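Colleague: Could you walk me through how you read helix packing and pockets in a model? Let's pull it up first.

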Amino acid sequence: MADSERTSPQLVVELIRMAIEMASCEKTMRAAIAEVVSPFSLSENAFFVLVLCQQNLEEPLPQAALARTVGLSPAQLSNLVEQLRQDGWIESSRDANDRRRQFWTLTPDGNRRLGEILPKFHEAWQFDQLPVDPRTLLEGFRQLVALLGSSLKSRPTTVSVHPATSQAA
């Protein structure tokens, strides 16, 4: 593709339309997630924290990264993880080099309970009717964030989520 084609006003409009569609998609997906997890007394944000804790077992995410990834303020996330801790879903650990840094991981019971929730998505959502494999979309989104982020003055919020290793997924 020629440079003039890459910077054409039409391409810019298409990227903006894509951003609008992605925002709409996020709202719809959050509502669908909330519908599945609400019988387990979880919000979608609490569920996101649990999934991130499960998927990043090899390298637990610091609390600040969880807040950025889920889109909550540090105070909001602090309240959320404290409630999840009290409910037995997660447990904390401190960075050996910086005791101010806190990491969260699923408890064995939290992992078991999350394993009971994940199959509910297969029951509620019609994965076989998706026009594209979600992994393909996810990789495309990651590439787009990397490309757009490299042109921003501030770095985009990205966290690598490792593939699921749970039998429940």
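Colleague: Let's start with the backbone: which residue just after α4 takes a positive phi?

Modeller: Keep in mind that this is a predicted model. The residue is Gly71, with a phi of about 85°.

Colleague: And how do I read the packing of two helices, say at what angle α4 and α5 cross?

Modeller: The general idea is that two packed helices are described by the angle between their axes and the distance between the axes. Here, α4 (residues 63-70) and α5 (residues 74-86) cross at roughly 105°, and their axes come within 9 Å. Angles of 65 to 115 degrees count as roughly perpendicular, and α4 and α5 are therefore roughly perpendicular to each other. On the α4 side, Gln63, Leu66 and Ala67 make the contact, while α5 brings Pro74, Leu77, Ser78 and Val81. By class that gives 5 nonpolar and 2 polar residues, with no charged ones.

Colleague: Which residues of α4 are buried?

Modeller: A general hint helps: an α-helix has 3.6 residues a turn, so residues three or four places apart point the same way. In α4, the buried ones are Gln63, Ala65, Leu66, Ala67 and Val70. They pack against α5, but also against α2 (9-37), α3 (44-55) and β2 (102-106).

Colleague: Now pockets. How much space lies in the second largest pocket, and which elements give two or more residues to its lining?

Modeller: About 200 Å³. The elements are α2 and α7 (134-150). There are 11 lining residues, and Ala19, Met22, Leu144, Val145 and Leu148 are the closest to the centre. For the chemistry, the lining has 9 nonpolar and 2 polar residues, and no charged ones.

Notes:
Residues are numbered from 1 along each chain as its sequence is written. This is a predicted model: local features need pLDDT of at least 70, side-chain atom pairs count only at pLDDT 80 or more; totals for chains, interfaces and linings use all residues. Side-chain values use heavy atoms; hydrogens and water are left out. Axes are lines fitted to C-alpha atoms, for helices over the stretch in contact, and angles run from 0 to 180 degrees between N-to-C directions. Helices (H or I, at least four residues) and strands (E, at least two) are DSSP runs, numbered from the N terminus. Angles under 35 degrees count as roughly parallel, over 145 as roughly antiparallel, 65 to 115 as roughly perpendicular and the rest as oblique. Contact means heavy atoms within 4.5 Å. Ala, Val, Leu, Ile, Met, Phe, Trp, Tyr, Cys and Pro count as nonpolar, Asp, Glu, Lys and Arg as charged, and the others, Gly among them, as polar. Buried means under 20% relative accessible area, exposed over 50%, partly exposed in between (1.4 Å probe, protein chains only). On a 1 Å grid over the protein atoms alone, a cavity is a set of points where a 1.4 Å probe fits but cannot get out, and a pocket is an open set with protein on both sides within 12 Å along at least five of seven lines; lining residues have an atom within 4 Å of a point. Grid points are joined across faces, edges and corners, and a volume is the space filled by probe spheres set on the points.
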